[in-house]
Amino acid sequence: MGGDANLAELDREVRRYVYEEIIERATVPGAAFVARGLGLAVDAVSASFRRLQDAHILVLQEGNAEILMAPPFSAVPTPFVVDIGGRSWWGNCIWDAMGIAAMVREDAAITTGCGDCNDAIMVRIEGGEARLAAGDAVIHFSIPARKWWDNIKFT
């Protein structure tokens, strides 16, 4: 295997490990944790994180090579809390919050607030179907999906 093929395989393994850890432990792992888990140097994992960011798979924090977002998961608190089977994650937006339920493949309760008035909203995902727990709501995407990566931290 050539160098590029080896890097692609490394990136697939790092990506797999990151997502498995997020789902299993409900926390986004840092480069040092991933390096220990995979028996790699931290620099190799940090370089992989940067390549995965360039490929729009991860979003890194400003000023370091740690993960800010592993879509649909957020490493930092957001207004989109997803509770599944005693574990909780933060989604980057309502779309990502519903994506977490789809990835984990279990019923979920998503708690958020109205973007207009901040009234509490709960969405339940049961049997793969989303329902509002009470009331009415509209999901609004102010930026077209094709432009999300223009400024993914904003969208």
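This is a short walk through one protein chain, from its overall layout down to a few single residues.

Okay, first thing to keep in mind: what you're looking at is a predicted model.

Let's start with the whole chain. There are 155 residues, and 34% of them are buried. The C-alpha trace spans about 55 × 35 × 25 Å along its principal axes. As for secondary structure, you've got four helices and eight strands. If you read from the N terminus, the order goes α-α-α-β-β-β-β-β-α-β-β-β. So much for the layout; now, contacts. Take the contacts with a separation of 6 or more: 37% of those join residues 24 or more positions apart. And the surface? The accessible area is about 9,100 Å², with 52% of that belonging to carbon and sulfur atoms.

Now let's zoom in on helix α3, which covers residues 42–54. How far apart should its ends be? With 13 residues at 1.5 Å a residue, the expected span is 18 Å, and the end C-alpha atoms are indeed 18 Å apart, so the two agree.

Which residues of α3 are buried? Those are Val45, Ser46, Ser48, Phe49 and Leu52. They sit on the same side of α3, because the arc they cover around the axis is only 160 degrees. The general background is handy here: an α-helix has 3.6 residues a turn, so residues three or four places apart point the same way. Flip to the face turned away from that buried side, and you'll find Asp43 and Asp54, both exposed. Keep going just past the end of α3 and you run into histidine 56, which has a positive phi of about 65 degrees.

Next stop, strand β2. That's residues 67–70, and methionine 69 is in there. Is methionine 69 buried or exposed? Its relative accessible area is 8%, and the cut-off for buried is under 20%, so methionine 69 counts as buried. Methionine 69 also pairs up nicely with asparagine 92 for a distance check: they're 23 residues apart in sequence, and their C-alpha atoms are 7.7 Å apart in space.

Last one, out on the surface. Trp95, Ile139 and Phe141 make a nonpolar patch of about 310 Å². Of those, tryptophan 95 belongs to helix α4, residues 94–104. Why does tryptophan 95 count as partly exposed? Because its relative accessibility is 47%, and partly exposed runs between the 20% and 50% cut-offs.

That's the tour, thanks!

Notes. Residues are numbered from 1 along each chain as its sequence is written. This is a predicted model: local features need pLDDT of at least 70, side-chain atom pairs count only at pLDDT 80 or more; totals for chains, interfaces and linings use all residues. Side-chain values use heavy atoms; hydrogens and water are left out. Helices (H or I, at least four residues) and strands (E, at least two) are DSSP runs, numbered from the N terminus. The expected span of a helix is 1.5 Å times one less than its number of residues. Buried means under 20% relative accessible area, exposed over 50%, partly exposed in between (1.4 Å probe, protein chains only). The arc is that of the directions from the helix axis to the C-beta atoms. Patches are made of residues with over 30% relative accessible area and no salt bridge: like charges are joined within 9 Å, nonpolar side chains (Val, Leu, Ile, Met, Phe, Trp, Tyr) within 5 Å. Accessible areas come from the Shrake-Rupley method with a 1.4 Å probe; for residues, only the protein chains shown count as cover. A salt bridge is a side-chain nitrogen of Lys or Arg within 4 Å of a carboxyl oxygen of Asp or Glu. Contact means heavy atoms within 4.5 Å.
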